[in-house]
Amino acid sequence: MMNRAFFQAMGLGRGRCRGDGKGRRKGYRCHEACCKGRDDTNLNDIAPGEACTICRLHGRGSVRQRLLDLGFQPGREVKMVRNAPLHDPIELQLGDSFIVLRRREAAHIEVTHA
């Protein structure tokens with residue numbers, strides 16, 4: 001039987017860092033040594049001309065699968081090319097490909113500045 005001590009020993013208990021800078025609750029930011037200095041933002045917050053590296057995907061189901069099929073995988077570098085006139089959609093360069101995404105889809109991609 002799994003109890004609280006088991007989960008805490010695995011690092012899944014309350015108050016323990018998961019190493020990704022996030023806590024158990026939405027909006028909580030970890031302040032432990034392993035997460036200090038990380039500058040994680042969403043892809044829709046990047047300014048035109050900036051390059052960044054994909055950390056993780058937060059989408060679920062078909063949205064996540066579509067992003068993976070387009071090539072948005074952790075560790076890949078993405079460059080923001082430009083915004084549309086009304087700031088939606090955005091054009092991104094992923095390797096040799098140019099991809100256009102809606103801002104709500106880009107919000108599912110967590111990036112760190114390269």
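Accessible area, as I will use the term, comes from the Shrake-Rupley method with a 1.4 Å probe. By that reckoning the chain in this predicted model exposes about 7,800 Å², and carbon and sulfur atoms supply 49% of it. Buried residues, meanwhile, make up 29% of the 114 residues in the chain.

Before going further, let me say how far the model can be trusted. The mean pLDDT of the chain is 76, and 64% of its residues reach 70 or more. Over residues 13-19 the pLDDT stays under 50, and the model has 17 contacts beyond four places in sequence for that stretch. Residues 23-35 also have a pLDDT below 50, with 25 contacts in the model beyond near neighbours in sequence. Where pLDDT is low, the predicted coordinates should not be read in detail, so I will leave those stretches aside.

Now to the overall layout. The chain has 3 helices and 6 strands, and if you read along the sequence you meet them in the pattern α-β-β-α-β-β-β-α-β. Among contacts between residues at least 6 apart in sequence, 49% join residues at least 24 apart.

What lies inside? The largest nonpolar core has 17 residues, and those with the most contacts inside it include Leu43, Phe72, Val78 and Ile109. Strands S2, S3, S4, S5 and S6 each supply at least two residues of this core. In soluble globular proteins, nonpolar side chains tend to be buried together. If you take Ile109 as your starting point and leave out residues up to four places away in sequence, you will find that Ile109 touches, among others, Leu43, Ile54, Leu67, Phe72 and Leu101.

Two cysteines deserve a word, since the structure holds 0 disulfides. The sulfur of Cys52 has that of Cys55 as its nearest cysteine sulfur, 8.8 Å away, and Cys52 is in no disulfide; the cut-off for a disulfide is 2.5 Å between the sulfur atoms. Cys52 counts as buried because its relative accessible area is 1%, whereas Cys55, at 24%, is partly exposed.

Let me turn to charged side chains, where the structure holds 3 salt bridges. One of them joins Arg66 and Glu105, at 3.0 Å from N to O. Arg66 lies in helix H2 and Glu105 in helix H3, so this pair ties together parts that are 39 residues apart in sequence. Glu105 also forms a salt bridge with Arg102, again with the closest N and O atoms 3.0 Å apart, and in this way Arg66, Arg102 and Glu105 are linked in a network. Within that network, is Glu105 buried or exposed? Glu105 is buried, with a relative accessible area of 12%, while Arg66 is partly exposed at 39% and Arg102 is partly exposed at 42%. A further salt bridge, between Arg82 and Glu91, has an N to O distance of 2.6 Å, and Glu91 counts as buried because its relative accessibility is 15%.

I will finish with the backbone in the loop between S3 and S4, where both His87 and Pro89 are found. Most residues other than glycine have a negative phi, and most peptide bonds are trans. In this loop, however, phi of His87 is near 65°, a positive value, and the peptide bond from Asp88 to Pro89 is cis, with omega near 10°.

Definitions and conventions
Residues numbered from 1 in each chain as written. Predicted model: local features only at pLDDT ≥ 70, side-chain atom pairs only at ≥ 80, totals over all residues. Heavy atoms only, no water. Core = buried A, V, L, I, M, F, W, Y, C linked by side-chain atoms within 4.5 Å. Buried < 20%, exposed > 50% of the residue type's maximum accessible area, 1.4 Å probe, protein only. Helix = DSSP H or I, 4+ residues; strand = E, 2+ residues; numbered from the N terminus. Contact = heavy atoms within 4.5 Å. pLDDT = per-residue confidence, 0-100. Salt bridge = Lys/Arg side-chain N within 4 Å of Asp/Glu carboxyl O.
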